[in-house]
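Please look over the sequence and the model shown here before reading the briefing. The notes are grouped by topic, from the overall fold to individual contacts.

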Amino acid sequence: MSGGLIATLIVVGVLVILGVYVWATYNSLVTLRVRVDEAWSDITVQLKRRADLIPSLIETVKGYAAHEKSVFDSVTKARAETISAQGPAEASLAENHMQSALKSIFAVAEAYPQLQASQNFLQLQSELVDTENKIQASRRFFNGGVREYNTKIQVFPNTIFARGMGFTERDFFEVADIAAISEPPRIQF
């Protein structure tokens, strides 16, 4: 074999290996991106479920504590923020407000023993706790997918090709203000 033929075969072999690598990397990044999108969809379903429970909860508590208007207003505002949030960053901020508002409404509920005994309230509270658990599980799944996706984009040599193929890092769904949810709300009667 001549030297030129060997060099050509080596170049063709390297190009084939590079092509297979780019193809495999692209497909794995698409798979991870779809998984992250699916996980985000799961979060939005659970946030919507919680948002749908809030009006029933407010009406139940209002029947016993009608004079707590500011608490109901803050829950209603937080619900609206949650529904209108676009993406993890806005959802994280809305989540902080929602957690604070829900703590307030349950703090108010503690002051009314007859409300605590209401089957309707207890059922709504149970559904809300279940939904919160599902939100947390969805959030963990989403953040795990984002971690895997972002890592795949950032490792060498993927980083050379990934951004050029249109793949960019995703934001985690995290609490923006830890202090806002670390302290229980102060309710004054």
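The following briefing covers the fold, the charged contacts, the aromatic contacts, a surface patch and one peptide bond.

This is a predicted model, and its protein has seven helices and zero strands. The radius of gyration is 25 Å, well over the 16 Å that the globule rule gives for 189 residues, so the protein is more spread out than a compact globule. Eight salt bridges and six aromatic pairs are found in the structure.

**Overall fold**

- Read from the N terminus on, the elements follow the order α-α-α-α-α-α-α, and helix α1 covers residues 3-64.
- Along the principal axes, the C-alpha atoms of the protein fill a box of roughly 95 × 30 × 20 Å.
- Of the 189 residues in the protein, 33% are buried.

**Salt bridges centred on Arg50**

- The side chain of Arg50 forms a salt bridge with that of Glu95, with an N to O distance of 2.8 Å; this pair links distant parts of the chain, since Arg50 belongs to helix α1 and Glu95 to helix α3 (residues 87-110), 45 residues apart.
- Arg50 also meets Glu132 in a salt bridge, again described by an N to O distance of 2.8 Å. Because Arg50 lies in helix α1 and Glu132 in helix α5 (residues 119-154), this pair ties together parts that are 82 residues apart in sequence.
- Arg50 counts as buried because its relative accessibility is 0%, and the cut-off for buried is under 20% relative accessible area.
- Both partners of Arg50 are buried as well, with a relative accessible area of 3% for Glu95 and of 15% for Glu132.

**Other charged contacts**

- Lys48 and Asp52 form a salt bridge in which the closest N and O atoms are 2.8 Å apart. Both residues lie in helix α1, where they are four residues apart, about one turn of the helix.
- Lys48 is partly exposed, with a relative accessible area of 46%, and Asp52 is likewise partly exposed, at 40% relative accessibility.
- A network of salt bridges links Arg49, Asp130 and Lys134.

**Aromatic rings and the charges over them**

- Among the six aromatic pairs is that of Tyr26 and Phe167, whose ring centres are 5.5 Å apart and whose planes stand at 70°, so the pair is edge-to-face.
- Tyr26 lies in helix α1, whereas Phe167 lies in the loop between α6 (158-162) and α7 (178-182), so this ring pair ties together parts that are 141 residues apart in sequence.
- The two rings belong to residues with contrasting burial: Tyr26 counts as partly exposed, at 36% relative accessibility, while Phe167 counts as buried, at 0%.
- Tyr26 and Phe167 also belong to a cluster with Tyr149, the three being linked by ring pairs.
- Tyr149 has a charged residue over its ring, since Arg170 lies over the face of Tyr149 at 5.8 Å from the ring centre, and the cut-off for such a contact is within 6 Å of the ring centre.
- Arg139 takes up a position over the face of Phe173, at 4.7 Å from the ring centre.

**Nonpolar surface patch**

- Val12, Val16, Val20 and Trp23 make up a nonpolar patch on the surface, and together these residues have about 410 Å² of accessible area.
- Val20, one of the residues of this patch, lies in helix α1 and counts as partly exposed, at 47% relative accessibility.

**A cis peptide bond**

- Most peptide bonds are trans. In this model, the bond from Phe156 to Pro157 is cis, with omega near 5°.
- Pro157 is placed in the loop between α5 and α6.

How values were computed:
Residues numbered from 1 in each chain as written. Predicted model: local features only at pLDDT ≥ 70, side-chain atom pairs only at ≥ 80, totals over all residues. Heavy atoms only, no water. Salt bridge = Lys/Arg side-chain N within 4 Å of Asp/Glu carboxyl O. Helix = DSSP H or I, 4+ residues; strand = E, 2+ residues; numbered from the N terminus. Buried < 20%, exposed > 50% of the residue type's maximum accessible area, 1.4 Å probe, protein only. Patch = residues over 30% accessible without salt bridge, like charges linked within 9 Å, V, L, I, M, F, W, Y side chains within 5 Å. Areas by Shrake-Rupley, 256 points an atom, 1.4 Å probe, with all protein chains shown as cover. Phe/Tyr/Trp six-rings, centres within 6.5 Å; stacked < 30°, edge-to-face > 60°. Lys NZ or Arg CZ within 6 Å of the ring centre and 35° of its normal. Rg over C-alpha atoms; globule rule 2.2 N^0.38 Å.
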